[in-house]
Amino acid sequence: MEVDNLSRQVEEIEALKSIYTEELTIDSEITRSYTIRIEENKKEVLLYVTLPEDYPSSSPPKFELSAPWMDRQTKTNLHKTLHEIYLDNVGETVIFQWVEMIREVLQTVCKVEKKIEVTEPKVDSLDLTTIEINCPEITHGEIIADRKSIFQGHAAEVHSIDDVKAVLNKLKQNRKILNATHNMYAYRIERKTAKGTNVLQDCDDDGEAHAGGRMLHLLQVLNQKNTLVVVSR
């Protein structure tokens, strides 16, 4: 079965390379990791996939999405949709379907933005059910009071999405942080690939308009890597 999985993975990647000649990057042949760039109307999503040994026979590709401009609800719905595509096609290769679904979402978002003014997205609470694994050390900044608001910054060195989730969940264990009006954050993670390095980055406003995007921009200006910053208000 493992040999069959490997041959089917090879066939799938060859097909994807022929379809997405410019958009697909081989990050590592050893770990079978790839990046596919999907772009529509100047909006971009990076899909990072790693193929486990039992894909496609009994498990899906491991994947991450990078789209700093996308609001949390849209991103959550997109994750759910990709999982549903796999569940509807267990035993079959699904990356092409994933890419085209992401493209469809991009096209829908762009059409909506052309018709209506952008409004603040509905923000759900962070998923506290995520299991913490080896939570990185967190540095807490001084509390700052400004115009009747209180702010506190937090930072951690992160090397994966799991690290980001672990830090966010650890912070939420503090009742004051959990009950804060806003907990906006941004992160940048350097990823080494066969062709060099790229950066996985994202942010979340948590209802504070443009705050996450500005934090991410500052990390970019400072060229910070493997860094997560959180500001509680």
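**Salt bridges and helix α2**

In this predicted model, the count of salt bridges comes to 12. Three of these pairs are described here, followed by a look at one helix.

A good place to begin is the pair formed by Glu64 and Arg191, whose closest N and O atoms are 3.2 Å apart. Glu64 belongs to strand β4 (residues 62-66) and Arg191 to strand β7 (residues 183-193), so this salt bridge ties together parts that are 127 residues apart in sequence. The two partners fall into separate accessibility classes: Glu64 is partly exposed, with a relative accessible area of 23%, whereas Arg191 is buried, at 18%. The pair also does not stand alone, since Asp27 joins Glu64 and Arg191 in a network of salt bridges.

Another link across the sequence is made by Asp206 and Arg72, whose side chains meet in a salt bridge with an N to O distance of 3.9 Å. Asp206 sits in the loop between β8 (196-204) and α6 (211-221), and Arg72 in helix α2 (residues 72-88), so parts that are 134 residues apart in sequence are tied together by this contact. Here Asp206 is buried, with a relative accessible area of 16%, and Arg72 is buried too, with a value of 16%.

A local counterpart is found in helix α3 (residues 95-115), where Glu100 and Arg103 are 3 residues apart and thus separated by about one helical turn. Their salt bridge brings the closest N and O atoms to 3.3 Å. Glu100 is partly exposed, at 28% relative accessible area, while Arg103 counts as buried, at 18%. As a reminder of the geometry behind such spacing, an α-helix has 3.6 residues a turn, so residues three or four places apart point the same way.

Helix α2, which holds Arg72, deserves a closer look. The helix has 17 residues and spans 24 Å from its first C-alpha to its last, close to the 24 Å expected at 1.5 Å a residue. Its buried residues are Arg72, Lys75, Leu78, Leu82, Ile85 and Tyr86. Viewed down the axis of α2, these buried residues fall within an arc of 150 degrees, so they line one face of the helix. Lys80, Leu87 and Asp88, on the other side of α2, are exposed. At the start of the helix, a side-chain oxygen of Asp71 comes within 3.0 Å of the backbone nitrogen of Gln73.

Definitions and conventions:
Residues numbered from 1 in each chain as written. Predicted model: local features only at pLDDT ≥ 70, side-chain atom pairs only at ≥ 80, totals over all residues. Heavy atoms only, no water. Salt bridge = Lys/Arg side-chain N within 4 Å of Asp/Glu carboxyl O. Helix = DSSP H or I, 4+ residues; strand = E, 2+ residues; numbered from the N terminus. Buried < 20%, exposed > 50% of the residue type's maximum accessible area, 1.4 Å probe, protein only. Expected span 1.5 Å × (residues − 1). Arc of directions from axis to C-beta. Polar contact = N/O pair within 3.5 Å; in protein donor to acceptor, adjacent residues only side chain to side chain.
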